[in-house]
Amino acid sequence: MLAAQVLINALVLGCLYACIAIGFSLVWGVLNVINLAHGSFIVLGAYGAWWLYHAFGIAPWYALAIVAPLFFVFGYAIQRSILNQVIAAPVLVTLTMTFGLDLLLNNVMIYFFTADFRKLTLSPPVGSLSFGGVVVPVDRLIALVLALALTFALYVILRRSRTGRAIVAVRLDRDAATLMGVDVKSIYAIAFGIGAVMAGCAGVLMALIFPISPLVSTAYLTKAFVVCVLGGLGSVSGALAGGLLLALIEGVGSVLFGPALATTLSFVLLIVFLVVRPQGLMGRKGFE
Amino acid sequence: MKRSDLILIVLVLCLAALPLAGGAYTLRLGTMAAMSCILALSWNVIGGFAGYPSFAAAAFFGLGAYTTGILLGYKVPLWLSLPIAAGLSFALAGLLGAVLLRLRGHYFAIASLALVEVLREIVNHATDLTGGGMGLNIPVTAGTDIMADARFFFYAMWLVLLVTTIAVIAVSSSRLGFGLSCIRQNEAASQMVGLNTTLYKSIAFGLSACFVGAAGGVYAAWVHYIDPTDVFDILYSVKPIVMALIGGLGSSLGVMIGALLYLVLEEVVWRNYIQFHSAVLGALIIALLLFLPHGLTSLRGGLLLRRLRGA
Amino acid sequence: MDRTRRNLAATVASAACLVAAGLLASAAPAAADDVIRFGAPLPLTGPLAPEAIKQKQGYDLWAEEANKAGGIDVGGKRYKVEIVYTDYQSNTPRSVQATEQMITQNKVNFLFGAFGSGAAKAASSVSEKYRIPTIAAAASSAQVYDQGYKFLFGTFTPNDTLTTPLTKLVREKAPDVKKVAILARNDLFPLAIAQELEKSAKANGMEVVYFEKYAINTLDHSAALSQMKALAPQWIFVTGYINDLLLVRKQMVDQQMKAPVVSMIAGPAYQEFIDAAGQSAENISSAAWWHPAVRYEGKDVFKSTVNYVKLFRDKYKATPDYAQASASAAGAIFQLAIEKAGSIDPQKVRDALASLDVMTFYGPVKFGPTGQIVSLEPPVFQIQGAKPVVLLPAAIKQGEFRLGVQ
């Protein structure tokens, strides 16, 4: 019974983790930029959902349609104005740049929203479903379905659309793509924009489940890191695999060794993965 | 010895005169500055010379702090505890380095980041030895007189800085330094011409850890109380990198000046913008990277002007 | 070669200028003579930021009231109150630095301790060295006060004064409760209080079937909760800060966990917890060092609890909780001690604090030998109808203990 419950928990949580990580993974894979502001992007999206629900009664699933384009513009602008200037610089420069961005964004959020924890409580509450003693919370289920839908949409965009294919081409070989006439700077900005959209949407969905505060951003960022390494970079399937694996490690580890050690376990595994299989579960050999 | 190394040594020696200039708070700032310089200079060995973006400083800072704290608790004198902490950090970093330094770029960065988390949690769980989440009380090592106390810890930290500086200069002008710069430029080629890259990198990683460990040790003795979240704070990893970037990667003098400059910026911003200091700091970091992409070393000739005009 | 040299010289010179500018900018402001300065290091940014706002509200209200009444009376001369704030970024080394900065640069006369047990403990080593009387308004763990410091005082009673009455109440009102499950945040205060509860539960013949710690920044507790649920505890006790507790509570509902008694420390005393948790806050029990329902007639500037609550509501349009009240009380206690000493000499004020035995809006104030307050009787309460209802002590009881948390 306990085993079944823990597995179900991990399955649901894993999809949410994937949703948190996917934008991060895309940006990392395509631009070779680790966006340390990713956690803050998610929190900003969560505030968007909270505000739309409390001010206008717009449910989070509709809020996605409002938040997504805003975040695209936001991400596109950041990439064009700031990150593209240093995109050719060593890894560290872009990393530090996004660290500065995160400081800025987080501080601004603390100022405007205060650091208080808010909660988007749906009324009436949606409750939980019970299958012979195994419980699944409905709001997580909703978030999961939406997360999967978003992920699938991203997958289709990357595979089918012209821009999407250009993104994939840049990811695989930047120089070849340039030679083929792809405008790399614009592709970078679009990819970062899409990454921001995924972060914002993840934020909207997480608002259903987790308390909202600028202070949660590091927790999201850490999860994104681990998921990306476990699953492999820049691919949709990698994020899903990584998310599920992480949730499983945390769930099983928590039952076997206690919740405090479960986090440690996930980090130890991360190091082992890096050394033994740096391309992650699903990934190809990654960037340097 | 290069001219810049000479300036570096002179700068460090000048710092020793600080107690003549100011009171206890100035000395506190001086101690913090010396600590930051140690962290930044150490990072430069692995990050600047060898080109490996390490985030592991916090791990060894915490390790050093806890080692020293525990040893002081067992009545081991400070002058003995610090070398032990440094040695332990060196050994652990060297061993881990042999494995982790096979990774490159972001992958190495993340592995080193995860190292911080793992060590923190280990300390958190070794409750009998470390007190776990309850923190560790550390017996008072210096006198109770304010100025004597401040001077003692300032000089302790400064001494570590001096040793770090000498070591860093020695590395940069030795075969090891040359080997590391070969590794940075082309690791595969260096390996091909018979350079034992793993050994070189491991030593570099060890060196970048040992002084950080000693600094952590001084810090622990200085504040009398440490807990895992404080000494394994990821900021100890991130700030040295920002400092090095401000100063210009690779050059020890540049890194040291970057560290001092960063601290001044941080202190001024922190005092004057109570609500917005981290935003201002963030904006400053972005601006610095945009307009001084090679740190202070890009301040030459009309480059800055051209850059400003171009942007 | 020449060029590099010039660049180096220019770099060094520009850095030196910046250092000099920085030091100039930090020149100390002169202290006016008819003002008493209080230093308050606060974690305005970082993980503890929500707590900083509460403390600041408490301090500000006291300063305002004290100044409205003409200031602090020191041997016939009136001094205005001025509070100097600084942000220590929820970072303990910073709190130590901020404390020293306030003493040496801002020339504060007295200090309020940093928030929370860890930072308060580290920062108190500095104020002790400078012999500046310090009142910690939010540090309860006995470990903070065990270093033999003479200038550190605290307005929270030790942790066991919260857990002992709670356990007593549960044993009286729910004698069937035998199995206790404890989930604690791995951090000084939450862990210390969980250990106290474990002790008092065992002393009362209960069995602790689950006792685990969770890491700071944990996002998901579902695995731990599922495991706990399988053990069918009758009393679930969770410690942490408000975000942790909201998260745990939400996931308990998700997992359809029910128990006769669910207690949490230290979130339910905050109105934000009740607002954010909504229906799921019902029947959660907790304990805190103060509650707006207590009734004291004090000799301090606020005069009575009723008056304090009214003043607070007028200023902030909200009901004060223990965190805000404790901050205000720290100020009011300083005022009483200074007036009693008739001097702002640190040693005299310290002695006045140590020998203080007085009634305030916050409750009777008397500090024990370690400097921690010993005279409070922390109320035990339960959320009923979206309001905290006091169950203990009997004198201010507002309702009956309700069993069953859905």
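Chain B of this predicted model carries 16 helices and two strands. Its C-alpha atoms fit a box of roughly 55 × 50 × 40 Å along the principal axes. For 311 residues, a compact globule would have a radius of gyration near 19 Å, and chain B agrees with its 19 Å. Of these 311 residues, 58% count as buried. Among the contacts in chain B with a separation of 6 or more, 77% join residues 24 or more positions apart.

Now to where chains A and C meet: 36 residues of chain A are in contact with 32 residues of chain C. On the chain A side, the elements giving two or more residues include β1 (128-131), β2 (134-137) and α10 (236-257) of chain A. The most comes from α1(A), with five residues. By class, this side of chain A has 17 nonpolar, 13 polar and six charged residues.

Chain C, for its part, has an open sheet of seven strands in the order β8-β7-β9-β10-β11-β14-β15, with mixed pairing. Strands β8 (207-214) and β15 (387-392) of chain C are at the edges with a single partner strand each, so one side of each has no neighbour in the sheet. On average, neighbouring strands are turned by 25 degrees against each other, direction ignored. Within the sheet, β10 (261-265) and β11 (284-287) of chain C pair in the parallel sense over two bridges, and Val262(C) stands opposite Ile284(C) in β11(C).

Two helices of chain C lie across strands of this chain:

| Helix | Strands crossed | Angle |
|---|---|---|
| α5(C), residues 160-173 | β9, β10, β11, β14 and β15 of chain C | about 140 degrees to β11(C) |
| α7(C), residues 222-230 | β7, β8 and β9 of chain C | about 175 degrees to β8(C) |

Key: Residues numbered from 1 in each chain as written. Chains lettered and ligands numbered in written order. Predicted model: local features only at pLDDT ≥ 70, side-chain atom pairs only at ≥ 80, totals over all residues. Helix = DSSP H or I, 4+ residues; strand = E, 2+ residues; numbered from the N terminus. Rg over C-alpha atoms; globule rule 2.2 N^0.38 Å. Buried ≥ 20, exposed ≤ 12 C-beta atoms within 10 Å, placed from the backbone. Contact = placed C-beta atoms within 7 Å. Nonpolar A, V, L, I, M, F, W, Y, C, P; charged D, E, K, R; others polar. Pairing = 2+ DSSP bridges. Axes fitted to C-alpha atoms, helices over the stretch in contact; angles between N-to-C directions.
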